[in-house]
Amino acid sequence: MKNKKILIVVAHPDDIEFRYAGSVAKWIHDQNEVEYCIATSGEKGFNSNGKEILSCEKRQEIRESEQISAAEVVGVKRIHFLKFPDGELENNAFLRKEIVKLIRIFKPQIVVSGDPSMNSYDSFPGYHSDHLAIAAAVFESLYPACGNENFFPELISEEKLMPFTPKLAMFGNSQNADTWTDIEDFFEIKMKALACHKSQIEDIQEIIPRIMERSKEYGKQAGLNFAESFRTLELP
Ligand SMILES: [Zn+2]
């Protein structure tokens, strides 16, 4: 993949680092342009190592700055924080309008998000309600809203943002993956990006073996040592 514009949409700061940062590092290395959209700023996440009770405002500030540092590690220059309330994300027209707006501004060929078809409920974090909401909202923003002038016509009349449809959706962490990124050369940089989320991760060394194991599992499906996996779907 080369010379593509890729938009990644997630619920919280650190979602990209856990799931896609190896792919992002590779995509940037291969001269693609990547932008992040973070729907909430994770202000209800853990306190900084539980030492001190912080206000939601303070935590929001910390988490946004951690996300900015993590993006810098992999070379992503643009992050859009939508600032919806953490833990209360809903797949509604307010959220979809913001996603459609970003798609019409950036015009990415590829949009990456979670897989709305996941249904195993085999982990609590994987099925956090914000994760479910953002996956469904991205799916519905991609079709039919972003390419149809009758959805959010005010984006056209007020902001001159014409309808635009990306070519491909890539759903991460899917049970039905069909596409793998070889992240062997980018695993270390992924861990460096993840480690930026200091307020959420007390000891990165404890987490690395778990992520390594998962990357190996995904890799096995494609004959790779370390991978991140996606289910792809072409837009009509
Ligand atoms: Zn999350």
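Helices α4 and α5 lie oblique to each other, because their axes meet at about 55°, an angle that belongs to none of the roughly parallel, antiparallel or perpendicular classes and is therefore counted as oblique. In this predicted model, α4 covers residues 93–106 and α5 covers residues 129–142, with 9 Å between the two axes, and α4 passes α5 in a right-handed crossing. On the α4 side the contact involves Leu95, Arg96, Ile99, Val100 and Ile103, which meet Ala137, Val138, Glu140 and Ser141 of α5. Sorted by character, the residues of this contact comprise six nonpolar, one polar and two charged.

A second pair of helices, α3 (residues 56–74) and α7 (residues 187–195), crosses at roughly 165°, with axes that come within 8 Å, and these two helices are therefore roughly antiparallel to each other. Here too the crossing, of α3 past α7, is right-handed. Ala70, Val73 and Val74 of α3 make the contact with Ile189, Lys192 and Ala193 of α7, and these residues divide into five nonpolar, no polar and one charged. Two packed helices are described by the angle between their axes and the distance between the axes, and the table sets out these values for both pairs.

| Helix pair | Angle between axes | Distance between axes |
|---|---|---|
| α4 and α5 | about 55° | 9 Å |
| α3 and α7 | roughly 165° | within 8 Å |

The strands form an open sheet of seven, arranged in the order β3-β2-β1-β4-β5-β7-β6 with mixed pairing. At the edges stand β3 (78–84) and β6 (179–182), each of which has a single partner strand, so that one side of each is left without a neighbour in the sheet. From one strand to the next, the twist averages 25°. The edge strand β6 runs antiparallel to β7 (residues 227–234), to which four bridges join it, and within this pair Thr181 stands opposite Glu228 in β7.

The helices of the oblique pair also meet the sheet. Helix α4 packs on it, touching β1 (5–10), β2 (33–40), β3 and β4 (110–114), and the direction of α4 makes about 165° with that of β1. Helix α5, for its part, lies across β1, β2, β4 and β5 (168–172), and runs at about 150° to β4.

Taken as a whole, the protein chain contains eight helices and seven strands. Its radius of gyration is 17 Å, close to the 18 Å that the globule rule gives for 236 residues, so the chain is as compact as a globular protein of that length. Along the principal axes, the C-alpha atoms fill a box of roughly 50 × 45 × 35 Å.

Terms used
Residues numbered from 1 in each chain as written. Predicted model: local features only at pLDDT ≥ 70, side-chain atom pairs only at ≥ 80, totals over all residues. Axes fitted to C-alpha atoms, helices over the stretch in contact; angles between N-to-C directions. Parallel < 35°, antiparallel > 145°, perpendicular 65-115°, else oblique. Left-handed = near helix turned anticlockwise from the far one by under 90°. Contact = placed C-beta atoms within 7 Å. Nonpolar A, V, L, I, M, F, W, Y, C, P; charged D, E, K, R; others polar. Pairing = 2+ DSSP bridges. Rg over C-alpha atoms; globule rule 2.2 N^0.38 Å.
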